[in-house]
Amino acid sequence: MVAECSPCGDNVGQITDYQGGARDHSGIDIVIQGNDHTVYSTTPGKVIAMSRSGDIDVDGARGWNIEIMDADGVVRRYQHLNDFAEGLKVGDTVSAGQPIAQEGHTGECYSSNGGDGTHLHYEVYQMYDTN
């Protein structure tokens with residue numbers, strides 16, 4: 001599946017979905033095209049996790065990632081990031097459309113077009129204990 005999207009401002013990307021093999025893939029992959037690889041929060045919420053685990057030289061599928069939980073306990077996870085927005089930390093409140101990171105290729109990233117695998121993995125899940 002490939003579709004054009006416009007995540008924010010002048011950024012234009014492609015949404016791709018990898019479903020091959022025995023690999024579990026619980027989100028969508030978005031390749032941001034152009035020179036601006038900024039990742040924006042899709043919802044207002046609280047930053048509940050930030051991790052630099054799984055950097056390019058370290059074993060870890062998610063790579064650098066951020067999790068943001070909204071008031072209803074729905075979490076958005078952003079994976080394979082190269083950098084976080086300056087000053088952003090766990091416990092911060094973010095607004096929809098706020099820059100939170102840069103798209104990257106940390107963790108396990110695969111390319112179907114011969115590139116370096118740079119993309120944003122985006123997934124949404126329900127957090128049952130919101131305390």
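Reader: What is the N to O distance where the side chains of Lys-89 and Asp-92 meet in a salt bridge?
Author: Side chains of opposite charge can pair when their charged atoms come close. The cut-off for a salt bridge is a side-chain nitrogen of Lys or Arg within 4 Å of a carboxyl oxygen of Asp or Glu. Lys-89 and Asp-92 make that cut, with N to O at 3.1 Å.

Reader: And what pLDDT must side-chain atom pairs have to count?
Author: Residues are numbered from 1 along each chain as its sequence is written, and side-chain values use heavy atoms, leaving out hydrogens and water. This is a predicted model, so totals for chains, interfaces and linings use all residues, local features need pLDDT of at least 70, and side-chain atom pairs count only at pLDDT 80 or more.

Reader: Is Asp-92 buried or exposed?
Author: Buried means under 20% relative accessible area, exposed means over 50%, and partly exposed is in between (1.4 Å probe, protein chains only). Its partner Lys-89 has 49%, so Lys-89 is partly exposed. Asp-92 has a relative accessibility of 18%, which makes it buried.

Reader: Which residues do salt bridges with shared partners join into one network?
Author: The structure holds four salt bridges. In one, Arg-77 meets Glu-67 at 2.9 Å, N to O; in another, Arg-77 pairs with Glu-123, with the closest N and O atoms 3.0 Å apart. Arg-77 and Glu-67 are buried, and Glu-123 is buried too. The network is therefore made of Glu-67, Arg-77 and Glu-123.

Reader: How many residues apart in sequence are the parts that Glu-123 and Arg-77 tie together?
Author: Strands (E, at least two residues) and helices (H or I, at least four) are DSSP runs, numbered from the N terminus. Glu-123 sits in strand E10 and Arg-77 in strand E7, so their pair bridges parts of the chain whose separation is 46 residues.

Reader: How many strands does the protein chain have?
Author: From the N terminus on, its elements just read β-β-β-β-β-β-β-β-β-β. There are zero helices, and the strand count is ten.

Reader: What share of contacts between residues at least 6 apart in sequence join residues at least 24 apart?
Author: Contact means heavy atoms within 4.5 Å. Among contacts in the protein chain that pass the 6-residue separation, the share joining residues at least 24 apart is 55%.

Reader: Which members of the largest nonpolar core touch the most other members?
Author: A nonpolar core is a set of buried Ala, Val, Leu, Ile, Met, Phe, Trp, Tyr and Cys residues joined through side-chain atoms within 4.5 Å. This core has 16 residues, and those touching the most other members are Val-39, Ile-66, Ile-68, Tyr-78, Leu-81 and Ile-100.

Reader: Which side chain does a polar contact of 2.7 Å join to that of Asp-70?
Author: Asp-70 is in the loop between strand E6 (64–69) and strand E7 (74–84), and with 13% relative accessibility it counts as buried. A polar contact is a pair of N or O atoms within 3.5 Å; within protein, one must be able to donate a hydrogen and the other to accept it, and residues adjacent in sequence count only if both atoms are side-chain atoms. The partner of Asp-70 at 2.7 Å is Arg-76.

Reader: What is the phi of His-80 near?
Author: His-80 is in strand E7, and at 4% relative accessibility His-80 is buried. Its phi is positive, in a residue other than glycine, and near 70°.
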